[in-house]
Amino acid sequence: MKVSEWLDEKAAEGVDVSRIELPDELANVEVPDETLFFREYRPCSILCTRDHAFATVERFDHWYLSRGREKGTDPHSPGPTWWLFTKDRELALQTAREHI
């Protein structure tokens with residue numbers, strides 16, 4: 001089953017899918033059809049291998065996943081993660097831009 005099919009099923013059941021967590025077999029297997037936006041907050045250096053805050057928007061058929069990690073007090077502190085599933089492309093892009 002594809003991510004978009006699973007989300008369509010859950011939406012048809014009346015579940016709010018905007019903050020739903022994908023099952024591991026879907027989240028770790030399917031590659032997005034397209035990545036529309038990616039930005040990383042990396043004030044240290046391009047050579048730094050530690051974790052940094054980021055925001056991205058990925059498309060799975062007609063669904064968009066806007067997700068990322070918030071900036072913490074330190075560029076390497078793991079801030080809280082966030083995500084949003086939506087069918088609205090502009091909302092997904094706006095959400096990602098606002099979080100980075």
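**View 1. The hairpin of E2 and E3, with its turn at Asp61.** Strands E2 (53–60) and E3 (63–69) form a hairpin with 2 residues between them, and Asp61 in the turn has a positive phi of about 60°. This is a predicted model, in which local features need pLDDT of at least 70, side-chain atom pairs count only at pLDDT 80 or more, and totals for chains, interfaces and linings use all residues. Residues are numbered from 1 along each chain as its sequence is written, and side-chain values use heavy atoms, with hydrogens and water left out. Helices (H or I, at least four residues) and strands (E, at least two) are DSSP runs, numbered from the N terminus. The two arms of the hairpin run antiparallel and are joined by 7 bridges; two strands pair if DSSP finds at least two bridges between them. Look for Phe60, whose bridge partner in E3 is Trp63.

**View 2. E3 and its pairing with E4.** On to strand E4 (81–86), which pairs with E3 in the antiparallel sense over 6 bridges. Here Tyr64 stands opposite Thr86 of E4. E3 is mostly covered, with 6 of its 7 residues buried; buried means under 20% relative accessible area, exposed over 50%, and partly exposed in between (1.4 Å probe, protein chains only). In a regular strand the side chains alternate between the two faces of the sheet.

**View 3. The largest nonpolar core.** Eleven side chains are worth finding here: Val3, Trp6, Leu7, Val17, Ile20, Leu22, Leu26, Phe60, Trp63, Leu65 and Phe85. A nonpolar core is a set of buried Ala, Val, Leu, Ile, Met, Phe, Trp, Tyr and Cys residues joined through side-chain atoms within 4.5 Å. Helix H1 (3–12) and strand E3 each supply at least two residues of this core, and the largest share, 3 residues, comes from H1. Apart from this core lies another, of 8 residues, among them Phe37, Tyr64, Ala92 and Leu93. Zoom in on Trp63 and, leaving aside neighbours within four places in sequence, you will find Ser4, Leu7, Asp8, Val17, Glu58, Phe85, Thr86 and Lys87 in contact with it; contact means heavy atoms within 4.5 Å.

**View 4. The buried face of helix H1.** Val3, Ser4, Trp6 and Leu7 are the buried residues of H1. Seen down the helix axis, they fall within an arc of 160°, so they line one face of H1; the arc is that of the directions from the helix axis to the C-beta atoms. Their cover includes helix H2 (24–27), E2, E3 and E4. Just after H1, Gly14 takes a positive phi of about 90°.

**View 5. Thr95 in helix H3.** Thr95 belongs to helix H3 (residues 89–99). With a relative accessible area of 12%, Thr95 is buried. Beyond neighbours within four places in sequence, Thr95 is in contact with Ser66, Trp82 and Leu84.

**View 6. Two charges over rings.** The charged end of Arg19 sits over the ring of Trp83, 4.1 Å from its centre, while that of Lys71 sits over the ring of Tyr41, 4.5 Å from its centre. A charge sits over a ring if NZ of Lys or CZ of Arg is within 6 Å of the ring centre and within 35 degrees of the ring normal.

**View 7. Asp51 in a loop.** Asp51 lies in the loop between strand E1 (34–41) and E2, and is exposed, with a relative accessible area of 51%. Not counting residues up to four places away in sequence, Asp51 touches Arg69, Pro75 and His76. The C-alpha atoms of Asp51 and His76 are separated by 5.6 Å, although these residues are 25 apart along the chain.
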